[in-house]
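Me: I've got a new model open and I'd like to learn how to read it. Could you walk me through it, one feature at a time?

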Amino acid sequence: MKKAGKDKDVFGAVSRRTFIKGLGATAVSTVAAQTAAVAQELERVNAEKVVGPGAVPVTLTVNGEKLQLQLEPRVTLLDALRNYSSLTGSKEGCDRAACGACTVLFDGAPIYGCQKLAIEAQGHEITTIEGLAKNGSLTKVQQAFIDKDALQCGYCTPGFVMSVTALLNKNPRPTLEEAKHACSGNLCRCGTQPHILKAVLEAAGIGMAEKTGKTEGIKHA
Amino acid sequence: MPEWPTVRKYISGDTRRVDAVPKVTGRARYSSDIQATGWLYGMILRSKWPAAKILSVNLDKALKIPGIKAAVLARDGQFTVRYYGEEIAAVAGTTKQACLDALRAIEVNAEPSPDFVVHEDDAIKDGSPQVWKGVSNASDPHVRKRGDVDSAFSECAAIIEGFYSTPVQLHNPMETHGNTVSWTDEGVTVWASTQGIGSVQDGFAGALGLDASKVRVLTDYMGGGFGSKFGAGVEGVLAARLSKQANAPVRLMLTRFDEALAVGNRPSSFQKIKMGALADGKLHAFQLENYGTPGVGAGGDSGGGGGGANIQAPYLYKVPNIHSSQRSVAVNAGSARAFRAPGNPPASYGMECAMDELAVKLGMDPLEFRLINDPVEIRRNEYNVGAAHIGWKEKYKKPGSSPGVVKTGIGCAGANWPGGRGSPDTSGEAQINPDGSIEIRIGVQDIGTGTKTVIAVVAAEMLGLRPDQITVKVGDTNFPPGTGSGGSNTCPSVAPVVYDVCSNALQQLQSKSGFADARGDNWFPACKKLGVTPLKVTGQWQQSLAGGPAYGVQFAEVEVDTETGLVTVKKIVAVHDCGLIIDHLTLESQINGGCIIGMGYALYEERVMDRVSGVVLNPNFETYKLSGIADVPEIEAVLINMPERGVIGIGEPSTVPTAGAIANAVANAIGVRVPHLPITPAKVLAALGKVPPPVTA
Amino acid sequence: MNPFEYTTARTPDSARQLVGDHGAYIAGGNDLLGLLKDYLATPDILVNIKSLPGLDKIQSGPDKWTLGALVKIAELEDSADIQNAFPGIHDAASEIASPQIRNVATVGGNLAQHSRCWYFRHRDTVCLKKGGDLCYARESDNRYHSLFTGNPCISPVVSSLATTFAALDASAIVLRDGKETSMCMDELYHRAWENPLAHNSLEPGDLIVRVEIPAVRTRSAYMQISDKHSFDWALVSCAAAANVVDGKLDKPRVALGSISPVPHQVEAANEFLDGKTLDDATASRAADMILADAKPLQHNAYKVPMAHALIRRTLLKLKG
């Protein structure tokens with residue numbers, strides 16, 4: 001239920017929000033006919049257009065391409081990718097910004113897709129796991145994950161790959177501590193963490209002394 | 001009798017996971033990714049009361065929400081709910097948002113009951129509210145006796161008594177439970193997140209009154225199960241009914257919140273142990289009183305086993321005089337299900353804590369004490385191997401003698417896994433084409449353990465090809481049936497089957513082509529001789545190629561900050577015998593995974609029930625804490641290849657002894673035992689006597 | 001989430017009008033979306049304040065530094081200037097949540113975030129803070145809760161920036177009905193100390209616009225202990241700030257977080273420390289004073305020795 005808010009604007013007792021909603025598309029075309037003050041107000045008002053709660057057009061730039069969708073404002077970026085497009089590579093692990101399975105890059109920075117409204121992702125460059133391998137050739141990070149077996153069931157893998165990709169873009173030769181810090185927002189239940197750290201260092205071109213994984217024979221009586 | 005080759009090119013080597021590319025590129029489709037034509041989103045309404053009589057459920061308003069295409073009740077008529085989160089109804093709609101709104105529009109007329117109990121030590125008392133009316137919460141004690149403990153104790157040189165406990169642990173796979181289900185007149189197709197496509201097929205057929213031939217289950221990829229994903233599940237059947245009503249496929253995945261409530265857990269344990277040894281260090285008397293909760297039921301939900309809360313005791317070690325008494329205690333909480341090595345981690349934990357305490361009392365090195373008492377030679381050898389890797393001799397000190405505020409300590413524990421021997425019910429087929437391509441099909445599933453890779457490696461070895469030349473298809477009930485992936489059974493089931501499939505393939509190919517040996521370089525020319533007709537062969541499980549059981553020991557090195565209580569695991573050494581190692585690279589991942597779940601059990605994980613409201617207090621990753629990358633120590637996996645023992649499944653042994661080893665390391669570091677898992681900073685400080693009593697008012 | 005309208009405000013004035021009586025500002029959105037998803041908040045409109053001009057700068061100055069409310073936590077962590085001038089802020093920022101959250105979360109949002117008490121956050125327990133008549137934590141599981149409180153609710157403030165700003169004697173500048181009002185950390189959270197329904201002293205429509213930090217104390221430090229080694233709420237956090245002149249503390253302040261609805265400071269302890277040479281015995285005595293009136297409950301008494309250790313270590317970190 002909407003109650004009229006405190007109102008000090010130019011248009012009298014009608015609540016600002018109701019007024020703005022009522023303007024619609026005609027506001028732009030009438031700007032030229034108005035006085036300067038009202039014109040300025042209308043310009044500001046258009047920029048503050050109230051949309052929703054029903055579905056509205058939302059344009060997302062994902063992996064360099066435009067996705068034109070009709071979404072309610074409450075739809076998250078993750079929901080938009082997984083359920084309104086075919087980009088199911090980003091996973092839903094918790095929907096509460098706690099596990100990292102939904103990690104995507106937002107203007108190059110890793111964020112949780114589940115805790116970003118799709119409507120707020122407009123005008124930003126979104127990169128998902130599907131957008132990494134160009135022309136079918138794997139990135140260094142992806143190849144390192146494969147080489148070091150940094151995956152098991154694979155559900156957390158897209159999220160980790162995105163976090164590691166972002167890390168190496170920003171810091172090409174991280175220490176082990178920096179790698180852990182960068183991956184601290186990604187959870188895994190299968191236990192890939194040791195191999196993920198190996199993959200990070202491999203992708204960074206820093207070898208790790210092969211201290212683990214010995215196979216030994218045992219003699220029995 | 002079939003035998004594994006003694007000279008091996010791929011078997012026991014490091015082969016990259018054959019399904020890695022789809023996983024790292026996001027192309028792998030899990031059941032939560034399926035976008036069947038016209039698919040709908042499904043969601044479940046759950047009980048917000050721990051105990052209530054549901055009088056009526058009205059779906060009318062929900063059905064009117066725009067976008068909603070179907071709504072069903074979980075049960076007909078009036079019914080009783082016995083735990084927070086029990087299913088009440090489900091809806092399907094064109095968007096998640098429509099479903100969310102629809103759930104809130106369902107009207108539930110309920111009589112909540114104040115008679116509920118969620119803590120084991122409340123539930124076990126006389127006069128406690130009964131989870132099942134008219135039935136005592138605590139089962140009759142299951143008693144086991146051998147010899148005469150009472151007189152045996154009087155003969156002991158040293159006796160310890162301890163009270164150790166382990167919490168309810170949640171599986172929390174990264175992909176939640178659920179399916180995409182399409183129920184049409186032709187039958188049911190289920191894209192299932194499951195460990196057992198056969199169990200899902202049976203489950204749906206039974207619940208929906210269909211012949212199994214009308215149910216097809218597909219699991220190309222799934223995001224982990226750890227024992228909790230067998231059968232159709234309540235959520236699966238609801239999805240099917242929604243699909244039928246809406247005449248559209250329904251994707252119904254549980255939320256992370258739901259995962260803590262209703263799809264299984266590892267039972268708790270509260271172990272009162274009294275144990276004594278003779279002067280020469282030989283265990284002489286063992287007494288256990290244990291109880292734990294498997295929730296409302298005895299884990300009957302789970303096709304993968306589970307049972308109640310009873311544990312093997314004494315675990316691993318032979319003791320001539322025993323008295324053990326165990327009870328399962330019902331509480332108003334979700335039912336237990338098999339969880340990676342069911343019963344073994346709590347059994348190992350209690351026993352190994354007691355072993356260390358008794359060793360210390362005897363003035364003996366705990367490793368020596370174990371070597372005296374461990375009846376299994378393989379494990380004794382593993383202790384010696386592990387001791388060298390962790391530096392036991394140099395690092396073991398008297399408990400609490402480490403200098404400084406941050407104290408170091410080491411501990412160890414042993415494992416036993418009787419399963420993992422393979423299943424005669426598994427079979428496979430292959431199609432070999434004239435161009436030399438081969439596709440192997442087995443109705444099993446790869447739950448992250450590398451099953452697809454195992455199949456490719458064995459086939460490559462047998463045929464003289466490379467693993468990337470083998471096409472592997474699993475996860476379809478249209479394929480020859482295979483074992484469910486539980487009990488560490490998959491690898492020892494599929495490896496012998498692939499051996500047999502390939503043997504048969506070679507035999508037929510050789511006979512058809514005239515090549516005496518169609519392997520390796522001869523493969524493609526031999527296949528060419530097939531002309532236009534592909535060769536189809538089948539294969540059966542071969543017992544001589546599988547074996548068991550598996551053992552294993554682990555060592556842990558920890559640092560404990562005695563001022564803040566924080567425990568940091570510095571290193572784990574995991575020594576595991578693995579029968580014939582098929583793929584060393586993916587095997588190491590499995591061992592790491594078991595250790596990390598074991599570490600979580602030791603330090604971070606517990607399902608917390610609220611005594612006052614009866615809800616699960618931590619149905620999320622914020623307060624149900626999984627080991628993070630900064631918590632995971634260096635893990636040195638020492639994998640003992642024992643080809644003469646055949647293929648043995650070892651997914652489970654690696655999670656058994658970790659908590660015991662860590663707990664023993666903590667006790668060694670600070671000189672006092674923290675007996676109740678998880679070992680949080682709060683409990684460490686309490687054990688050190690640093691915590692003031694509560695102030696009333 | 002319930003459905004909501006959405007708009008982007010271009011001025012603080014219009015933001016206030018657009019949010020009305022039943023709306024919510026959205027900056028990083030991390031706390032807000034979590035509340036919405038569990039129906040703990042049901043605003044009818046979300047007003048995006050990320051486009052409000054001039055609120056996203058870190059500015060140094062001879063008398064004070066200014067952190068715009070829209071400065072992201074990741075920017076705090078990455079800022080070499082901040083690390084030099086206020087290492088305590090750097091250390092606090094780098095431990096907040098996870099990289100993904102730090103990349104969207106803001107200074108203002110971190111201060112304004114709601115209670116993390118698991119009864120408050122649970123959709124099906126109607127606790128005191130949600131208008132119910134029972135503080136579940138007092139009766140039941142209070143392992144994460146306050147050692148100090150002035151009201152029946154024992155949910156502590158968990159903002160690690162609040163702890164650090166308290167030690168630095170920083171103030172939040174809040175725009176209320178078109179006028180700026182300055183609140184030190186104690187004032188910013190005082191209502192939560194008094195009133196079980198409150199998370200802080202902000203009123204509906206209030207907008208934090210910046211934080212002002214006096215350029216008075218050249219040394220600062222922050223530490224926390226959690227169950228896990230990363231991405232885990234602090235069980236206890238501690239911040240300290242001071243100058244060190246001829247080996248002696250000058251204008252010292254020590255604050256504790258996650259143990260009270262307000263960042264916890266004891267004036268007498270600050271006064272005691274002033275002019276003292278920083279050593280273990282002095283730090284320990286200060287810790288005793290800071291914790292003297294702690295009222296540990298059934299499950300949170302461990303926070304007392306934990307806080308004591310943290311205070312000593314954080315103070316000694318000031319030595320550099």
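Here is the walk-through, taken in turns.

Me: Before anything else, what kind of model is this, and what are its ipTM and pTM scores?

Reply: It's a predicted model, so start with the confidence scores. The ipTM is 0.98 and the pTM is 0.95. Chain by chain, chain B averages a pLDDT of 96, with 98% of the residues at 70 or above. Over residues 299–306 of chain B, though, the pLDDT is below 50. That stretch still has 32 contacts in the model beyond near neighbours in sequence. Where pLDDT is low, the predicted coordinates should not be read in detail. Chain C has a mean pLDDT of 97, and 100% of its residues reach at least 70.

Me: Okay, interfaces next. How many residues of chain B are in contact with chain A, and which element gives the largest share?

Reply: For an interface, count the residues on each side, then ask which elements they come from. Here 59 residues of chain B are in contact with 56 residues of chain A. On chain B, the elements giving two or more residues are α1 (20–25), α3 (96–105), α11 (377–390), α16 (584–603) and β23 (634–640). The largest share, 10 residues, comes from α16(B). By class, this side of chain B has 28 nonpolar, 19 polar and 12 charged residues.

Me: And how many residues of chain C touch chain A?

Reply: Same recipe. There are 32 residues of chain C in contact with 37 residues of chain A. Elements that give two or more residues on the chain C side are β1 (5–8), α1 (12–19), α2 (30–37), β3 (45–48) and α6 (99–102). That side splits into 13 nonpolar, 14 polar and 5 charged residues.

Me: What domains does the assignment give for chain B?

Reply: When you read domain bounds, check whether a domain is made of separate segments. In chain B, domain 1 is 20–26 + 422–545, domain 2 is 40–114 + 171–262, and domain 3 is 376–415 + 549–697. The centres of domain 2 and domain 3 of chain B, taken over C-alpha atoms, are 37 Å apart. Their contact takes 9 residues from domain 2 and 10 residues from domain 3. The domain 2 side of that contact has 6 nonpolar, 2 polar and 1 charged.

Me: How far apart are the end C-alpha atoms of helix α14 of chain B, and what span should I expect?

Reply: Compare the length expected from the residue count with the end-to-end distance. Helix α14 of chain B (residues 490–513) has 24 residues, so at 1.5 Å a residue it should span 34 Å; its end C-alpha atoms are 33 Å apart, which agrees. Right after α14(B) comes Gly514(B), with a positive phi near 85°.

Me: Which way do strands β6 and β7 of chain C run?

Reply: Look at the bridges, then at what links the strands. β6 (residues 171–176) and β7 (residues 179–184) of chain C run antiparallel, joined by 6 bridges. Arg176(C) stands opposite Lys179(C). The two strands form a hairpin with 2 residues between them, and Asp177(C) in the turn has a positive phi of about 50°. β6(C) also pairs with β8 (residues 207–214) of chain C, antiparallel over 5 bridges, where Leu175(C) stands opposite Leu207(C).

Me: Last one: why does Ser402(B) count as partly exposed?

Reply: Count the neighbours. Ser402(B) has 19 other C-beta atoms within 10 Å, so it's partly exposed; buried would need 20 or more. Ser402(B) is in the loop between α12 (392–395) and β16 (406–414) of chain B. Among the residues it touches are Lys397(B), Lys407(B) and Ala669(B).

Definitions and conventions
Residues are numbered from 1 along each chain as its sequence is written. Chains are lettered from A and ligands numbered from 1 in the order in which they are written. This is a predicted model: local features need pLDDT of at least 70, side-chain atom pairs count only at pLDDT 80 or more; totals for chains, interfaces and linings use all residues. Two residues are in contact if their C-beta atoms, placed from the backbone, lie within 7 Å. Helices (H or I, at least four residues) and strands (E, at least two) are DSSP runs, numbered from the N terminus. Ala, Val, Leu, Ile, Met, Phe, Trp, Tyr, Cys and Pro count as nonpolar, Asp, Glu, Lys and Arg as charged, and the others, Gly among them, as polar. Domain bounds come from an automatic or database domain assignment. A residue is buried if 20 or more other C-beta atoms lie within 10 Å of its own, exposed if 12 or fewer, and partly exposed in between; C-beta atoms are placed from the backbone. pLDDT is the predictor's confidence in each residue, from 0 to 100. The expected span of a helix is 1.5 Å times one less than its number of residues. Two strands pair if DSSP finds at least two bridges between them. Lists of a residue's contacts leave out its neighbours within four places in sequence.
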